[in-house]
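Got the structure open in your viewer? Here is a short walk through it, one selection at a time.

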Amino acid sequence: MISLTGVTKAYTKQSIGLDNIHLHIEAGEFVSIVGQSGSGKTTLVKLLIAEETPSSGNIEIGGWDITNIKRKEIPTLRRQIGVIFQDFKLLPKKTVRENVAFALQVAGESHKRIKDIVPRVLHIVGLGHKMERYPNQLSGGEQQRVVIARSLVHRPKILVADEPTGNLDTLNTKEIIEILKKINQFGTTVVLVTHNREVVNHLKKRVIAIDEGKILSDEKHGKYRL
Amino acid sequence: MLGFLRIIKFTFQNIGRNVGLSVMTVLILVLMLLSVNSLITVRALTQEASDAVKEQIDISVYFDQEVKDEEVAEVEAYVNSFEEVKEVTLFSRDEVLTEFTDKHKDNQDIISSIEELGENPFGPRMTIKTHETEDYATITEALSVPEYDQVIEAKTFADTEKTIQKIQLITSQVERFSALLSGLFGAIAFIVIFNTIRIAIYTQRTEISIKKLVGATDWFVKGPYMLSSLFFSLLSVIISFALTLLAIRFLDPYIMSIFNDPHFLTNYYFSHILVLAGIELGAVLILTILSSSLAMRKYLRV
């Protein structure tokens, strides 16, 4: 599903984001990528959504070589990967419903289908009653649930969550992780980037530890070890 | 088609939900266009003033009292043969006398002197107007030939030559100053509009990158900003011309005393409105779209 072969991302000679990474993630896996700040976790996410291109090596997603992806192909890739960000990245001038609908509108979905899907997805994440609110009228946990709804709305095969609980309290963190686990149970590959020890240990899933741009460990049922 | 309709919807949604920013952008565009219109008004007035002064200038050729009609006709034909000449008007001896007596009807001494003479002491008079003031010298020189020494008694151009030169100097300086001012205003308008749009885009940079991250194409993101530029340009041109037309309604009565035309500015604007509005709309539109594109380029690279 996701395959990185000898991937290096160097910003300058001194600043190396990732250094010769070899990584393979199967379809339906739940993988936690752990590491301290500046270890290269976010660089990995940026490479997966083509926000950055690798300096060397190869990246394949679902059999699509995105190493040198063309600029005009990037939107198509992003519509196939759901992404959850630590800072939510919701459109502040759009309502909850409009934020979720936007992900479908950019893909050219019909008005009827959008009208049908969006309320259903928002009900699943427990925000059916707050559809007409603006992001600044929601709590952090609620905003993150909107982001999850947005990332799921076009049924992606891969969900990349970059520090999704970084700005949340314990209760909201648990809720978000439970939602991610459910999404994974329905067959979506989940890549969770985090430095939250408790979350990783609780999941008991595959853990890849990164430090200074290199993979330190890759355990099938791992724990947070750094 | 669906995408385009959504772009239109997002355009008006953006304008409405960023109403403060939209109003500020239109306001600055209107202010810039108003200053451009003020300059256009000043140019129109100076041009009209300069033309009016030029219109007052002519050459008067005074013929000898005993000149024959054929000789006058020959001079008239000769003058008319010059392409620099715009208009030649001939006054007969009687007309010159009537004009003189009318002019001096309140001065009994002059009127009595004329009556005492018992005959018309004036010869015919010819006034000549040229297209350009600098052409008067050519015509005067052309008339200063020995063949006409006997028939032409006097020419007035020599008396007004210095005045004409002064007027030419003033009008050319006014035109140069006006062009310089236009260039300066144009540059200021360019810088202000360019930066207004850049700031407007800058305040929405996060939204632009978010839209890209959720899979929007460049055009889907840029579209609403381009359409907003069109809408803002159109609106600002309409408002600025409405305000200008309103202002000149108040100005026209003051100008009437100078140009003898009660609706000089109103007529000027109405006869040029399509060209002026078209040029201003085109310039503002190009400028806003160019500024938006340049400002967005950086944020679209996500």
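Start by picking A:Glu175: does this residue count as buried, partly exposed or exposed? At 33% relative accessibility, A:Glu175 counts as partly exposed. Bear in mind as you click around that this is a predicted model.

**Stop 1: two helices in chain A**

Keep A:Glu175 selected and add A:Arg145. The two form a salt bridge, with 3.8 Å between the closest N and O atoms. A:Glu175 sits in helix α6 (residues 170-185) of chain A and A:Arg145 in helix α5 (residues 140-152) of chain A, so the pair ties together parts that are 30 residues apart in sequence. Unlike its partner, A:Arg145 is buried, at a relative accessible area of 14%, because the cut-off for buried is under 20%.

**Stop 2: two strands in chain A**

Next, select A:Lys214 and A:Asp19. Their side chains meet in a salt bridge, at 3.3 Å from N to O. This one links distant parts of the chain: A:Lys214 belongs to strand β10 (residues 214-219) of chain A and A:Asp19 to strand β2 (residues 16-25) of chain A, 195 residues apart. Both ends are partly exposed, A:Lys214 with a relative accessible area of 44% and A:Asp19 with 27%.

While you're hunting for charges, show A:Glu29, A:Arg206 and A:Asp218 together: a network of salt bridges links them. Over all chains, a search of the whole structure turns up 16 salt bridges.

**Stop 3: loops with an unusual backbone**

Now go to A:Lys89, in the loop between β6 (81-84) and α3 of chain A. Its side chain has a salt bridge to A:Asp87, the closest N and O atoms being 3.3 Å apart. A:Asp87 is partly exposed at 45% relative accessibility, and A:Lys89 is partly exposed too, at 22%. Then check the backbone: phi of A:Lys89 is near 55 degrees, a positive value in a residue other than glycine. Why flag that? Most residues other than glycine have a negative phi.

There is another case to click on at A:Glu163, in the loop between β7 (158-162) and α6 of chain A. A:Glu163 is not a glycine either, yet has a positive phi of about 50 degrees. This residue is buried, with a relative accessible area of 8%.

**Stop 4: where chain A meets chain B**

Show both chains and color the contact. You should pick up 25 residues from chain A and 21 residues from chain B. The area buried between chain A and chain B is about 2,200 Å², and carbon and sulfur atoms give 57% of it. Highlight A:Arg71, A:Arg78 and A:Lys93: they supply 28% of the area that chain A buries against chain B, more than any other three residues.

Zoom in on A:Arg71 and B:Asp218, whose side chains meet in a salt bridge at 2.6 Å, N to O. Between chain A and chain B the count is two salt bridges, along with nine residue pairs in polar contact. On the side of chain A that touches chain B, α2 (74-80), α3 (96-105) and α4 (111-124) each supply at least two residues. By class, that side has 10 nonpolar, five polar and 10 charged residues.

**Last stop: the domains of chain B**

Finally, color chain B by its domain assignment: domain 1 covers 2-53 + 167-300, and domain 2 covers 65-150. The C-alpha centres of domain 1 of chain B and domain 2 of chain B lie 53 Å apart.

Methods
Residues numbered from 1 in each chain as written. Chains lettered and ligands numbered in written order. Predicted model: local features only at pLDDT ≥ 70, side-chain atom pairs only at ≥ 80, totals over all residues. Heavy atoms only, no water. Salt bridge = Lys/Arg side-chain N within 4 Å of Asp/Glu carboxyl O. Helix = DSSP H or I, 4+ residues; strand = E, 2+ residues; numbered from the N terminus. Buried < 20%, exposed > 50% of the residue type's maximum accessible area, 1.4 Å probe, protein only. Domains from an automatic or database assignment. Contact = heavy atoms within 4.5 Å. Buried area = accessible area lost by both parts, 1.4 Å probe. Polar contact = N/O pair within 3.5 Å; in protein donor to acceptor, adjacent residues only side chain to side chain. Nonpolar A, V, L, I, M, F, W, Y, C, P; charged D, E, K, R; others polar.
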